[in-house]
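Here are a few notes to go through with the model open on your screen. Could you check them against your own view?

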Amino acid sequence: MGQKFQETTLSTNSIFRGNIIELQIDDVSLPNGKTSTREIVKHPGAVAVMAITENKKIIMVEQYRKPLEKSILEIPAGKLEPGEQPAITAKRELEEETGYTTDQLEYVTSFYTSPGFSDELMYLYFTDQLAPVTESSQLDEDEFVEVKHISLAEADSLIQQQEIHDAKTILALSYLKERFSK
């Protein structure tokens, strides 16, 4: 696909620079010659890992998400550090959040999480070659998670109950259903 409906940036106003995101307001020229304003969240990118145990359980983490004001179950995930390759981030996040490690990460796909307002690109990986971490990994000091092992059937029920409620995890579960149905 080309740039059929390309918008040209006329000006950018940086509003906020935090530890994870930046917020900017862009004035743009539209394809019809008019102008508009775009609110954009700049994000360094992230990874998510579909980790499957020997008995075909999906390793998930339960954590509180302040924007939602509730806890949800998710596949392990985290943001890219500057200059870090996505596979390295995936292994690090898997170790930190779950206590498992792997030397066999399979890249599945990448996708934009919310392209209407953010440039966050998430890389999705798969592994079913897990080993317990020999040295204790540390979560971020403001991160609290509980590891859960969930079957695909249980995951379906949890989606209906909105305990699993985020796009990356629902996409991952859809992929796993397809992969294991073959």
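A term first: "buried" here means under 20% relative accessible area, and "exposed" means over 50%. Bear in mind that this is a predicted model.

1. Start with helix H1 (86–98). The buried residues of H1 are Pro86, Thr89, Ala90, Arg92, Glu93, Leu94, Glu96, Glu97 and Thr98. What do they pack against? Strands throughout the list: S4, S5, S7, S8 (100–101), S10 (121–127) and S12 (146–150).

2. The length of H1 checks out. With 13 residues at 1.5 Å a residue, H1 should span 18 Å, and its end C-alpha atoms are indeed 18 Å apart, so the two agree. Just after H1 comes Gly99, with a positive phi near 85°.

3. Now the largest pocket, which holds about 1400 Å³ of space. There are 38 lining residues, and those closest to the pocket's centre are Ile20, His43, Arg65, Glu74 and Glu120. By type, the lining splits into 15 nonpolar, 8 polar and 15 charged residues.

4. Which element gives the largest share of that lining? H1 does, with 4 residues. At least two residues each come from S5 (58–65), S6 (70–74), S7 (77–79), H1, S9 (106–112) and helix H3 (167–180).

5. His43 deserves its own look, being among the residues closest to the centre of the largest pocket. His43 sits in the loop between S3 (35–42) and S4 (46–51). Is His43 buried or exposed? Its relative accessible area is 17%, and because the cut-off for buried is under 20%, His43 counts as buried.

6. As for the surroundings of His43, a polar atom of its side chain lies 2.9 Å from the backbone nitrogen of Gly45. Setting aside neighbours within four places in sequence, His43 is in contact with Ile20, Ile21, Lys79, Ser118, Asp119 and Glu120. Ile20 and Glu120 also turn up among the residues closest to the centre of the largest pocket.

7. The second largest pocket has a volume of about 260 Å³. It is lined by 15 residues, and the closest to its centre are Glu7, Arg38, Ile40, Pro115 and Gly116. Strand S2 (22–29) and S3 are the elements giving two or more residues to this lining, and S3 gives the most, with 4 residues. The residues here divide into 5 nonpolar, 4 polar and 6 charged.

Definitions and conventions. Residues numbered from 1 in each chain as written. Predicted model: local features only at pLDDT ≥ 70, side-chain atom pairs only at ≥ 80, totals over all residues. Heavy atoms only, no water. Buried < 20%, exposed > 50% of the residue type's maximum accessible area, 1.4 Å probe, protein only. Polar contact = N/O pair within 3.5 Å; in protein donor to acceptor, adjacent residues only side chain to side chain. Contact = heavy atoms within 4.5 Å. 1 Å grid on protein atoms, 1.4 Å probe; cavity = no way out; pocket = protein on both sides within 12 Å on 5 of 7 lines; lining within 4 Å. Points joined across faces, edges and corners; volume = space filled by probe spheres on them. Nonpolar A, V, L, I, M, F, W, Y, C, P; charged D, E, K, R; others polar. Expected span 1.5 Å × (residues − 1).
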